[in-house]
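This report walks through a sheet, a pocket and a few single residues of one protein chain. Please keep the sequence and the 3D view at hand while reading.

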Amino acid sequence: MASLIPQLNFTPASISIPPPSIKKSQKTITKISQNPTTLQESLSSFTKRLDFSIPTTKPLDDAYALVLDHGATQKSLSIGKQIHAHISKRNNVYDLVFLCTKLVFMYAKCGSLLDAEDLFDEMLERSVFTYNAMFGAYVTTGDPSKAIELYAYMRLSGVPADAHTCSCVLKACSGVGDIYCGREIHGYAVKLGLVSNDIVVNSLVSVYARCDDLNAAELLFNRSASGDVVLWNLMISAYAANGMGKEALRVFREMQNAAVIPTTYTFVAALQACNELLSGVQIHAFVLKSGLSFDRYVANALVVMYSKCSRINEAARIFIDIGDRDNVFWNSMLAAYVQNGLYDKSLDLFREIIRAGQQPDQVSIISVLSACGRSGNLLNGMEIHAFALKNEMELDLQVGNTIVDMYAKCSKTCFMDSAFRRIPLKDYISWTTVIAGYVQNYCHTKALQSFRDALVEGIDIDKMMIESLLLACRTLKCISIVKEIHGYITRRELSDIILQNTVVDVYGECGEVDYARNFFKLIEIKNVVSWTTMVACYVHNGLADEALELSYHMVKAGIELDSIAILSILSAAANLSALRKGKEIHAFVVRRCLHLGDSIASSLVDMYASCGAVEKSYKVFNSIKNKDLVLWTSMINAYGMHGQGVKAIELFRKMESENLLPDHVTFLALLFACSHSSLVDEGKTIFNAMQFQYDMEPWPEHYACLVDLLGRANCLEEAFELVKSMKTEPTSVVWCALLGACKTHRNMEIGEIAARNLLEIDPENPGNYVLISNMYAAAERWEDVEQLRMRMKVKKLKKDPGCSWIEVKNKVHTFITRDRSHPESDEIYEKLSQIIEKLKSDGGYTAETSYVLHNVDEREKVKMLHGHSERLALAYGLLTTPHRTPIRVTKNLRVCGDCHTFTKLLSKFYEREIVVRDANRFHHFRDGVCSCGDFW
């Protein structure tokens with residue numbers, strides 16, 4: 001356009017030329033009278049009007065208007081300003097208000113809002129068209145609130161509005177979400193009789209839809225008798241944008257029935273509403289019938305729809321068929337590959353974009369960076385980062401945030417931190433991304449520090465940032481910070497159900513059960529995750545009884561159990577050895593035809609094994625066709641818990657034959673099985689195979705199992721040498737295993753070495769003091785016993801009391817040593833006395849007081865043995881269960897030798913199968929014999 005400007009010569013000299021001949025003038029007049037269709041033609045026409053002093057007094061309004069219209073269309077601000085200056089100088093106009101309105105419109109179209117405002121303010125007289133031009137200027141330049149302010153001023157000035165006024169201001173209301181102003185204009189339009197105007201109705205529907213008042217939008221739509229396709233498109237779009245896909249498709253079908261011809265925008269809106277493949281395919285067929293399949297916008301919507309329905313091949317076919325591709329179309333296909341997990345294809349497509357000579361934009365970079373992050377492809381991610389740097393995109397906020405996220409997902413926190421620092425103006429998403437990145441990569445302290453920095457910067461804290469912060473506290477067990485966050489979200493009213501569930505979970509992980517329970521009660525509308533989180537909290541903190549009780553309330557509240565809830569309840573049933581409850585959950589899974597996935601199957605195997613029903617564990621295991629490593633390991637562990645080491649090894653060999661590679665946990669289960677079956681040689685072989693055949697470095701837990709195995713077999717010197725040969729420092733678990741063997745075999749020399757190391761590593765664990773004290777007590781070193789007990793008192797450490805429980809009639813009954821809190825306590829002790837007398841007279845039972853590790857007289861030792869918690873549970877079982885039915889008891893500590901003998905005799909003379917689960921293993925008593933072979 002700059003080349004046209006010098007041709008203009010708005011001077012008097014240009015008029016003082018000889019008059020043309022009449023014939024030539026007639027031709028010229030005829031030519032001028034034709035409507036110019038371009039800016040160049042309108043300028044040429046305007047110049048000739050000046051050059052040929054046509055004998056007329058008619059002003060140049062129409063010529064000015066024509067040039068301004070074309071200047072606005074082509075956004076030629078410089079020519080528009082010259083015309084403005086020419087109008088001001090010559091004053092040869094008939095309707096100044098008209099031309100000033102045209103100028104305001106031109107300035108608005110050219111994006112020069114200040115010039116439009118200045119001219120508008122200078123006008124002494126303004127028409128409705130002038131106001132409309134200014135409304136349009138504010139709306140198109142992204143300042144809708146000023147349009148609403150000007151509308152209020154216009155109403156006060158008494159200038160009557162027209163349909164275009166209502167339409168423009170309603171667009172402004174949509175832009176700022178001002179439904180109250182929208183309703184006021186609606187009422188004013190009714191008063192002016194404009195509610196039958198299609199433009200006004202369309203704008204009203206749009207503003208109500210944008211302000212989430214779909215009822216009002218639908219009412220207007222239903223009352224309108226118009227067949228205007230724009231109105232139908234608006235209604236379909238409104239439903240689609242609000243996630244009401246079914247309603248959007250219903251309107252689309254009604255539109256077809258009304259014989260309204262759909263446009264490109266109709267199909268785009270309808271395809272956005274498709275959440276199911278069938279609807280999308282039907283619309284695709286209609287697109288083909290309408291001949292719009294090669295329309296770029298429709299094709300783009302089809303790609304997005306098929307991607308959403310995971311039909312990536314169909315999306316790719318449509319993409320290939322379209323030759324005219326813009327950035328939006330390329331980006332849709334890129335996003336389709338990323339959303340469907342085809343990260344390599346997204347990178348290939350990105351390279352194709354560059355080869356095609358297309359310049360990738362920020363959206364392209366964000367998609368391909370996401371692909372690199374999700375796939376952990378650091379090298380390509382760094383290449384894309386370099387591309388963004390080269391093309392000056394790195395400083396774009398969204399691109400910068402995605403770069404940070406990509407490095408976080410690739411576990412490169414140093415690069416992540418560097419990229420984060422390069423973002424010039426960070427928003428809350430930037431801070432949330434970097435905090436989440438630190439949490440994902442176990443840099444929890446850095447996450448907390450970044451949160452403090454965000455507070456200093458005055459960043460608005462959002463829910464996602466708080467959730468990441470809570471996850472950091474969960475690992476660090478920072479209960480004080482959790483409480484601070486709890487107070488913060490309460491004060492700011494930030495809680496939603498996801499955040500509330502996270503708070504319950506973190507309190508549970510930090511051992512604050514009361515806080516978790518109280519917060520759980522405050523959740524008004526609990527979902528299945530809320531209930532499951534609280535159940536898991538109880539299980540995690542050893543409150544399996546409370547977990548099962550809560551699960552009853554959960555079902556009673558009408559909550560549909562999902563797989564996670566089932567796993568939590570099965571875990572609680574396993575911890576309590578509550579076989580009946582476990583069977584109920586198994587039956588629920590079968591009744592609901594829920595898929596026995598790997599996790600549920602493994603949990604069922606573990607639950608049955610923990611409840612003493614190892615044969616049922618194997619039935620579940622055998623019913624699964626495609627067994628994963630976790631399921632095999634669970635079954636090996638189940639055999640180990642029940643002292644069936646040979647079966648565990650046989651199962652392992654079978655697993656190997658199916659070409660399934662074991663992991664560290666599998667070998668741990670195997671060594672555990674060998675330890676509880678006295679399979680010394682087999683245990684050594686497995687330990688060596690782990691290192692040399694499978695090239696795995698043993699964990700301390702593996703060493704502890706082998707030390708325990710050697711120690712039980714009285715190979716203490718070999719066990720001690722194994723500990724000394726460890727490549728890493730022995731942990732408390734290893735020293736505990738060695739110390740337990742030294743106590744059993746009364747080897748004080750090695751035992752004292754183990755005790756000294758144990759207390760150095762873990763001085764705050766009361767169980768360690770109890771174990772050492774028992775070793776000294778077994779050697780009758782009572783002074784050393786007393787010293788240890790005094791140290792425990794000084795440190796305020798308490799020993800866990802012996803506790804046993806038994807499930808009777810779907811209720812778990814708990815007993816502690818010498819307990820008299822049970823409602824049927826008198827009957828229980830009376831029954832226990834009868835049992836003792838029978839075992840003494842018929843079985844020759846005599847209390848083995850050497851197992852009482854207290855410095856008291858023999859009579860007191862006998863009383864203490866008779867009051868052990870497992871005996872109370874057994875007595876209650878005999879009282880309340882039918883004759884010859886199995887009795888299942890669980891104990892939190894190891895069964896002592898005297899109780900072991902007592903239970904063997906009881907199983908024989910009362911003709912009961914008794915299953916006792918202690919802290920170490922399962923004991924199956926039948927006919928006076930225990931499955932452990934007296935080796936536990």
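In this predicted model, strands β1 and β3 pair in the antiparallel sense, and 3 bridges hold the pairing. A particular pair can be picked out here, since I806 has V889 in β3 as its bridge partner. As background, strands of a sheet pair through backbone hydrogen bonds, either parallel or antiparallel.

## The sheet around β1

β1 also pairs with β2, again in an antiparallel manner, this time over 6 bridges. Within that pairing, W805 is matched with T814 in β2. The two strands β1 and β2 form a hairpin with 2 residues between them, and K809 in the turn has a positive phi of about 50°. β1 is mostly covered, for 5 of its 6 residues are buried.

Which strands make up the sheet, and in what order? The sheet is an open one of 6 strands, arranged as β2-β1-β3-β4-β5-β6, and its pairing is mixed. At the edges stand β2 (811-816) and β6 (929-930), each of which pairs on one side only. The pairing between β3 and β4 (residues 914-917) is parallel and consists of 4 bridges, with I887 standing opposite I914 in β4. The pairings described so far can be set side by side.

| Strand pair | Direction | Bridges |
|---|---|---|
| β1 and β2 | antiparallel | 6 bridges |
| β1 and β3 | antiparallel | 3 bridges |
| β3 and β4 | parallel | 4 bridges |

A helix is packed with the other part of the sheet's order: α50 (residues 897-909) lies across β4, β5 (922-926) and β6, and runs at about 40° to β5.

## The second largest pocket

Rolling a probe the size of a water molecule over the atoms shows where empty space is left. The second largest pocket found in the model has a volume of about 660 Å³. Its lining is made of 28 residues, and those that lie nearest the centre are A574, N575, L576, W805 and R917. Elements that give two or more residues to this lining are the helices α32 (544-556), α33 (563-576), α35 (598-610) and α37 (629-641), together with the strands β1 (803-808) and β3 (887-891). The most is given by α33, with 4 residues. By character, the lining divides into 11 nonpolar, 10 polar and 7 charged residues. W805 therefore belongs to two parts of this account, as it is named among the residues nearest the pocket's centre and is also the bridge partner of T814 in β2.

## Single residues

Two serines have a positive phi although they are not glycine. For S310, phi is near 60°, and this residue lies in the loop between α17 (296-308) and α18 (312-321). S310 is exposed, because its relative accessible area of 51% is over the 50% cut-off. For S678, phi is also near 60°, and the residue is found in the loop between α39 (664-675) and α40 (680-693). S678 counts as partly exposed, at 36% relative accessibility.

Is K861, a residue of helix α48 (residues 858-866), buried or exposed? At 12% relative accessibility K861 counts as buried, because buried means under 20%. Leaving aside residues up to four places away in sequence, K861 touches T849, V852, H854 and V856.

Methods. Residues are numbered from 1 along each chain as its sequence is written. This is a predicted model: local features need pLDDT of at least 70, side-chain atom pairs count only at pLDDT 80 or more; totals for chains, interfaces and linings use all residues. Side-chain values use heavy atoms; hydrogens and water are left out. On a 1 Å grid over the protein atoms alone, a cavity is a set of points where a 1.4 Å probe fits but cannot get out, and a pocket is an open set with protein on both sides within 12 Å along at least five of seven lines; lining residues have an atom within 4 Å of a point. Grid points are joined across faces, edges and corners, and a volume is the space filled by probe spheres set on the points. Ala, Val, Leu, Ile, Met, Phe, Trp, Tyr, Cys and Pro count as nonpolar, Asp, Glu, Lys and Arg as charged, and the others, Gly among them, as polar. Two strands pair if DSSP finds at least two bridges between them. Contact means heavy atoms within 4.5 Å. Axes are lines fitted to C-alpha atoms, for helices over the stretch in contact, and angles run from 0 to 180 degrees between N-to-C directions. Buried means under 20% relative accessible area, exposed over 50%, partly exposed in between (1.4 Å probe, protein chains only).
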